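The exercises below ask you to work through the surroundings of the two ligands in the structure shown here. Try each task on the display before reading its solution.

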Amino acid sequence: MSEAQSYAIEDLPIELRLSEEELEAHRAHVTTFIADLVADAGANGAVLGLSGGIDSTLTAYLAVEALGEEGLYGLVLPSDVNTDENMSDAERVAETLGIEYDVVDINPIVEAFFEAYPEAGIDRRVESDPYRTAAGNVRVRTRGVLNYFVANVRGRLVLGTGNRSEALTGYFTKYGDQAVDCNPIGNLYKLQVRQLAAHVGVPEDLVEKPPSAEMWEGQTDETEMGLTYDLLDAILALHVDGPLSKRATAETLDVAESAVERVEGLYAGSEHKRRMPPAPAPLDL
Ligand SMILES: Nc1ncnc2c1ncn2[C@@H]1O[C@H](COP(=O)(O)OP(=O)(O)OC[C@H]2O[C@@H]([n+]3cccc(C(=O)O)c3)[C@H](O)[C@@H]2O)[C@@H](O)[C@H]1O
Ligand SMILES: Nc1ncnc2c1ncn2[C@@H]1O[C@H](COP(=O)(O)OP(=O)(O)OP(=O)(O)O)[C@@H](O)[C@H]1O
Ligand SMILES: [Mg+2]
């Protein structure tokens with residue numbers, strides 16, 4: 001967002017944008033992945049948090065293709081910082097797909113956490129960090145607990161909605177929205193998530209909506225990260241996943257090297273979120 005950019009995705013030396021044929025291949029690949037995972041686990045189906053955003057909407061569409069409408073159970077979990085529009089979009093997705101779903105207000109649960117540890121002062125200082133992020137993370141982790149509560153009771157798996165752009169930048173809450181049994185769209189960059197969503201028939205207004213974690217009022221991913229997803233995805237594909245050096249990436253995209261460094265920093269700083277909690281090596285005494 002704050003970084004100047006003057007490139008066109010179509011001109012990139014790597015194919016970030018998927019063709020219709022490739023989109024159809026990804027659709028089949030992901031639906032097979034979901035169907036196999038649920039069958040191999042002997043589960044009754046899957047549970048998925050619906051936020052009205054593009055990641056959960058696409059995952060829901062693909063899960064219904066994989067498991068049928070009976071196979072997916074939706075949870076719409078509003079808190080006081082979610083917009084009515086997003087929550088009604090989440091319900092619209094469930095209604096359109098014909099899946100069973102519940103709406104559970106998480107505010108009382110979240111408030112109980114804040115009251116249980118008033119020393120953090122979160123209820124009074126939520127507008128500034130670290131309180132704002134800490135409070136947002138409580139909302140996100142509360143949803144994770146509820147997802148697993150329902151999964152345990154109904155013998156289902158929890159579907160995650162993480163994509164590759166989020167995974168590589170650590171743009172998720174540790175043991176929150178990342179606490180799931182699988183990430184069906186986890187190998188797609190955000191740009192490709194949007195493309196696949198349009199391809200499988202997700203309504204245009206949901207495809208075009210600015211991504212938001214809705215952890216606090218007015219939050220958007222691109223403002224918080226200081227990068228558009230188009231630029232982020234290009235840097236990830238060329239430099240973090242791809243072979244280009246920092247300078248070649250900046251020259252190719254006609255952006256300052258500082259933009260590439262910013263992404264490098266997000267990637268390196270989130271390494272701990274992509275691995276199992278470490279323990280000391282066994283001691284050979
Ligand atoms: N080097 C290290 N080795 C091992 N552990 C390390 C560590 N550094 C921090 N940690 C641990 O990690 C914690 C920080 O991580 P975490 O609790 O996740 O918190 P944090 O990364 O600070 O915040 C979550 C970020 O993800 C974004 N988010 C969250 C949820 C959804 C979405 C969305 O797109 O929908 C986005 C959110 O906006 C925010 O920017 C620290 O408190 C510490 O416990
Ligand atoms: N209010 C909510 N109710 C239920 N689940 C939610 C809610 N908010 C977030 N989630 C879950 O957390 C996931 C991560 O949120 P994230 O914002 O990254 O994805 P999204 O909302 O689906 O897409 P977008 O990035 O476009 O906002 C969601 O996909 C959804 O599964
Ligand atoms: Mg969202």
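**Exercise 1.** In this predicted model, find which helix and which strand each supply at least two residues of the shell around ligand 2, and then describe that shell.

*Solution.* Begin with the secondary structure: the helix is H2 (54-67) and the strand is S2 (72-76), each supplying at least two residues. Of these contributions, the one from H2 is the most that any element gives to the shell, namely three residues. Next, look for the residues that come nearest to ligand 2, which, out of the 19 around it, are Gly49, Gly53, Ser56, Thr161 and Pro211. Finally, sort the shell by class, which gives eight nonpolar, seven polar and four charged residues.

**Exercise 2.** Examine helix H2 itself: how many of its 14 residues are buried, and what span should they have at 1.5 Å a residue?

*Solution.* Counting along the helix, 13 of the 14 residues are buried, so that H2 is mostly covered. For the span, the expected value takes 1.5 Å times one less than the number of residues, which comes to 20 Å for H2, and because its end C-alpha atoms are also 20 Å apart, the two values agree. Just after the helix, Gly68 takes a positive phi of about 80 degrees.

**Exercise 3.** Take two positions that an unreviewed UniProt entry annotates as "binding site", Gly49 and Lys190, and decide for each whether it is buried or exposed.

*Solution.* Start from the record, whose "binding site" annotation includes Gly49, Ser56, Thr161, Lys190 and Ser212 among its positions. Gly49 lies in strand S1 (residues 46-49), and because it has 25 other C-beta atoms within 10 Å, it is buried. Leaving aside residues up to four places away in sequence, Gly49 touches Ser56, Leu75, Leu77, Arg143 and Asn147. Lys190, in turn, lies in helix H8 (residues 190-199), and it is buried because 24 other C-beta atoms lie within 10 Å. With the same sequence neighbours left out, Lys190 touches Asn163, Ser165, Tyr229 and Asp233.

**Exercise 4.** Turn to ligand 1 and establish which residues come nearest to it, and which helix gives the largest share of its shell.

*Solution.* Of the 15 residues around ligand 1, those that come nearest are Val140, Thr173, Lys174, Ala213 and His272. The elements giving two or more residues to this shell are helix H6 (131-154) and helix H10 (221-225), and the largest share, three residues, comes from H6. Sorting by class then yields five nonpolar, five polar and five charged residues.

How values were computed. Residues numbered from 1 in each chain as written. Chains lettered and ligands numbered in written order. Predicted model: local features only at pLDDT ≥ 70, side-chain atom pairs only at ≥ 80, totals over all residues. Near = placed C-beta within 6 Å. Helix = DSSP H or I, 4+ residues; strand = E, 2+ residues; numbered from the N terminus. Nonpolar A, V, L, I, M, F, W, Y, C, P; charged D, E, K, R; others polar. UniProt positions renumbered as here; feature names shortened; annotations may be inferred. Buried ≥ 20, exposed ≤ 12 C-beta atoms within 10 Å, placed from the backbone. Contact = placed C-beta atoms within 7 Å.
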